[in-house]
Amino acid sequence: MKKVMKSMVISSLAAAMLASGASAADFTKSADALKELGLFQGSQAGYELDRAPDRAEAATMLVRLLGKEAEAKTYFEENAAKFPFKDMDNGYEWAKPYVAWLQGQGLTSGASATTFEPGSKCTAQQYTTFLMRALGYSDAEGGDFTYANAIDFATEKGVVDPFNLDADNFLRDEVVAMSYTALATAPKSGEADLLTKLVADKAIAADKAASTQKTFETLRNFNKAYAAVAATTSADATADFTMSIKVANESMDTAGKFTVQVQADPAKLEEMQMAVKGSLAMVVPMGQGKTQKVELPMEMYVKDGVSYTKVMDQKVKQDLDLKTVMQGVDLQSMAGMKTLPLCMVDSISQDGNTYKMSYNTDAFNGIFAELFSQMTGQVEITEEMKQQGITADMFKMSLDLTKGDIEMTFKEGGLYSQKADMAMNMEVAGQKIEAAVKMNVAANKTGDTVKVTFPTDLDSYKTVNELVQAEGDKKDETKS
């Protein structure tokens with residue numbers, strides 16, 4: 001029973017993870033892209049993405065995104081004697097041309113007549129305002145937006161998304177993700193994107209920008225096609241996959257075939273209804289070079305805020321408190337997203353209606369780490385669970401995605417097919433696991449015609465505590 005309980009604990013936790021997400025990430029790839037374009041340099045200590053940006057750094061990025069770096073340096077050479085901010089003489093001399101030019105343009109002001117406070121933290125609100133100015137929008141009286149609604153305005157224009165901004169813990173990590181996204185956003189002046197404008201203004205060399213411009217164009221095409229799929233919150237699909245797993249120097253190959261039915265409303269994601277049915281075929285090592293093939297039927301349902309998992313004859317249920325699991329995450333924004341965020345893509349190419357892309361694994365790994373931290377923090381180990389050998393360590397999970405290649409082909413009516421080739425290193429219940437997964441998904445039906453079918457015996461599923469109690473009762477009967 002102990003082994004069964006361990007497997008059910010892990011299965012239930014994984015089920016809750018399916019519908020989750022988080023905002024933390026690692027956007028080193030965005031920093032690399034900006035550096036390649038000459039827009040971000042970092043410091044002697046590297047990119048330093050894990051610390052808050054300061055006012056001097058934000059001013060520098062704004063000037064570069066405006067395409068005025070050369071002009072700023074010339075301006076400062078001509079007006080250095082008039083530069084008023086005396087607190088930039090110790091360690092911030094490098095930022096003087098940028099601050100001087102912005103002040104001359106009326107785009108920034110000091111903390112006082114003689115101080116700029118270059119080392120003070122730049123907030124998410126301040127940096128978002130800078131980015132929207134770089135895109136040609138004004139926050140002056142009667143302008144396009146106000147300082148107070150800068151983040152909402154930037155979200156509307158596609159500069160801010162649920163992945164690239166954590167306003168409560170604003171770091172240089174978000175600075176590079178938002179800046180890179182702003183480069184791919186159409187400015188008020190009407191160009192395809194800000195990068196195209198910077199090339200036209202000769203602020204960035206055309207040959208240096210060509211590859212990035214192609215990426216932006218292809219992602220726009222993908223997102224246009226993806227909008228029909230993203231708007232479809234109900235789907236009936238089939239999925240099959242193969243997985244190669246290595247645990248403690250033992251390898252196991254697994255293949256699975258499943259049908260998936262989902263009904264969901266982005267505004268009420270906690271009311272999601274889902275049915276997953278299928279089976280796994282595993283080739284299990286038995287020692288001395290021998291293997292055994294095992295067939296494992298599996299079912300998983302989500303209904304009225306409860307997940308039901310059936311593996312062979314073991315049936316377990318668990319409350320799904322998605323609001324708690326995803327605290328701090330805007331469920332509606334994430335579920336309602338109709339575009340793939342630029343910061344989550346490493347590369348993308350297009351051939352007709354088929355797109356191939358590689359995900360930014362660093363960004364996804366940051367999200368996984370945040371998610372697992374939130375989920376495991378909710379676990380409470382009861383005395384009954386302890387008696388069955390269940391410990392808090394069994395709920396500890398980590399995932400390091402090392403490969404995330406996706407191929408998606410779009411069809412009419414929001415239907416699509418998708419292939420995934422992924423590799424990852426995981427740790428589950430103290431076990432270190434290496435896994436390589438290939439998956440094929442085909443949407444057969446979408447929209448209001450999709451119906452989720454549930455079995456009639458959901459009332460026979462038990463919680464983990466109820467299963468533990470039942471096992472204890474059996475032992476007591478045996479002793480008596």
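1. Gln261 and Thr453. In this predicted model, the side chain of Gln261 reaches the backbone nitrogen of Thr453 at 2.9 Å. Gln261 belongs to strand S2, which covers residues 250-263.

2. Surroundings of Gln261. The relative accessible area of Gln261 is 17%. Buried means under 20%, so Gln261 counts as buried. Setting aside neighbours within four places in sequence, Gln261 is in contact with Ala235 and Asp236, with Gln273, Met274 and Ala275, and with Lys451, Val452 and Thr453. Thr453 is thus named twice for this residue, once as a contact and once for its backbone nitrogen.

3. Burial of helix H3. Helix H3 runs over residues 55-65 and is mostly covered, with eleven of its eleven residues buried. Charged and polar names appear in the list of buried residues as well as aliphatic ones: Arg55, Glu57, Thr60 and Arg64 are among them, and so are Leu62, Val63 and Leu65. Ala56, Ala58, Ala59 and Met61 are also buried.

4. What covers H3. Several helices contribute to the cover over the buried residues of H3. They include H2 (28-36), H4 (69-79) and H5 (96-104), together with H6 (124-134), H8 (172-183) and H9 (194-200).

5. The ends of H3. At the start of the helix, a side-chain oxygen of Asp54 comes to within 3.2 Å of the backbone nitrogen of Ala56. Ala56 is itself one of the buried residues of H3. After the helix comes Gly67, which has a positive phi, near 75°.

6. Helices H2 and H8. Both of these helices are part of the cover of H3, and they also meet each other. Their axes come within 8 Å and cross at roughly 55°; H2 is therefore oblique to H8. The crossing is left-handed. From H2, the contact is made by Thr28, Ser30, Ala31, Ala33 and Leu34. From H8, the residues are Asp173, Val176, Ala177, Ser179, Tyr180 and Leu183.

7. Strands S7 and S8. S7 (residues 345-351) pairs with S8 (residues 354-359) in the antiparallel sense, over six bridges. One pairing to check in the viewer is that of Val345, whose bridge partner in S8 is Tyr359.

8. The turn between S7 and S8. Which residue of this hairpin takes a positive phi? Gly352 does, with a value near 65°. The hairpin has two residues between the strands. A positive phi is likewise found at Gly67, the glycine that follows H3.

Key. Residues are numbered from 1 along each chain as its sequence is written. This is a predicted model: local features need pLDDT of at least 70, side-chain atom pairs count only at pLDDT 80 or more; totals for chains, interfaces and linings use all residues. Side-chain values use heavy atoms; hydrogens and water are left out. Buried means under 20% relative accessible area, exposed over 50%, partly exposed in between (1.4 Å probe, protein chains only). Helices (H or I, at least four residues) and strands (E, at least two) are DSSP runs, numbered from the N terminus. Contact means heavy atoms within 4.5 Å. A polar contact is a pair of N or O atoms within 3.5 Å; within protein, one must be able to donate a hydrogen and the other to accept it, and residues adjacent in sequence count only if both atoms are side-chain atoms. Two strands pair if DSSP finds at least two bridges between them. Axes are lines fitted to C-alpha atoms, for helices over the stretch in contact, and angles run from 0 to 180 degrees between N-to-C directions. Angles under 35 degrees count as roughly parallel, over 145 as roughly antiparallel, 65 to 115 as roughly perpendicular and the rest as oblique. A crossing is left-handed if the near helix is turned anticlockwise from the far one by less than a right angle, and right-handed if clockwise.
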